[in-house]
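Trainee: Got a minute to go through this one with me? I'd like to start with the helices and then move on to the sheet.

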Amino acid sequence: MQKLNFPEYRFRFKSSENKVSIFDRIRKKFFILTPEEWVRQHTLHYLIEEKKYPESLINVEKLVKVNDLNKRYDIIIYNPDGSIHLIIECKSANVKITQETFDQIARYNLALDADYLMITNGINHYYCQMNYTDNCYVFLKDIPNYKRNY
């Protein structure tokens with residue numbers, strides 16, 4: 001798999017029927033190693049190991065209803081009170097991040113009301129803080145580290 005713009009992490013792999021799978025520490029099982037899954041797993045390790053988010057507050061690949069359509073988000077981090085702290089959209093490294101990608105995560109956020117958004121293809125990472133007063137987002141250099149101030 002392609003080298004990504006994340007620190008080096010150790011992953012668990014297994015191979016069966018000529019397919020390689022990678023272990024997801026949040027979902028506690030192996031998933032086929034696709035280019036997008038490679039980015040998702042790096043992002044999870046980054047959130048847990050670098051940003052210190054507790055695994056118990058992280059949710060991966062669940063359905064969300066947006067305008068009566070079922071959509072699937074990549075990663076959500078909850079606040080301890082159950083509100084949503086961060087939504088993350090992962091793309092494979094060969095997918096260019098465009099306005100359409102931002103529109104996608106913004107649509108998800110209409111239903112979820114997160115404090116922060118992150119978009120990554122493993123090479124480029126974009127971070128935004130939501131400003132609900134002015135109905136816009138503010139780009140950041142990084143997302144905040146986890147704070148236990150609840």
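Mentor: Sure. One definition before we begin: the expected span of a helix is 1.5 Å times one less than its number of residues. Keep in mind that this is a predicted model.

Trainee: OK, so how far does helix 1 reach from its first C-alpha to its last?

Mentor: Helix 1 covers residues 35-50, which is 16 residues, and it reaches 22 Å. That is close to the 22 Å expected at 1.5 Å a residue.

Trainee: Is helix 1 mostly covered or mostly open?

Mentor: Mostly covered, with twelve of its 16 residues buried. Among them are W38, V39, L44, Y46, L47 and I48, and also R40 and H42.

Trainee: And what does K52 do just after helix 1?

Mentor: K52 takes a positive phi of about 65°.

Trainee: Switching to the sheet: what's the strand order?

Mentor: Six strands make an open sheet, ordered 4-7-8-9-10-11, with mixed pairing. Strand 4 (58-60) and strand 11 (136-140) are the edges, each pairing on one side only. From one strand to the next, the twist averages 20°.

Trainee: In which sense do strand 7 and strand 8 pair?

Mentor: Antiparallel, over four bridges, between residues 75-78 and residues 84-90. In that pair, I76 stands opposite I87.

Trainee: Back to the helices, then. Which strands does helix 1 lie across?

Mentor: Strands 4, 7, 8, 9 and 10, and helix 1 runs at about 150° to strand 8. Helix 2 (residues 99-112) packs on the sheet too, touching strands 7, 8, 9, 10 and 11, and its direction makes about 150° with that of strand 8.

Conventions
Residues numbered from 1 in each chain as written. Predicted model: local features only at pLDDT ≥ 70, side-chain atom pairs only at ≥ 80, totals over all residues. Heavy atoms only, no water. Helix = DSSP H or I, 4+ residues; strand = E, 2+ residues; numbered from the N terminus. Buried < 20%, exposed > 50% of the residue type's maximum accessible area, 1.4 Å probe, protein only. Pairing = 2+ DSSP bridges. Axes fitted to C-alpha atoms, helices over the stretch in contact; angles between N-to-C directions. Contact = heavy atoms within 4.5 Å.
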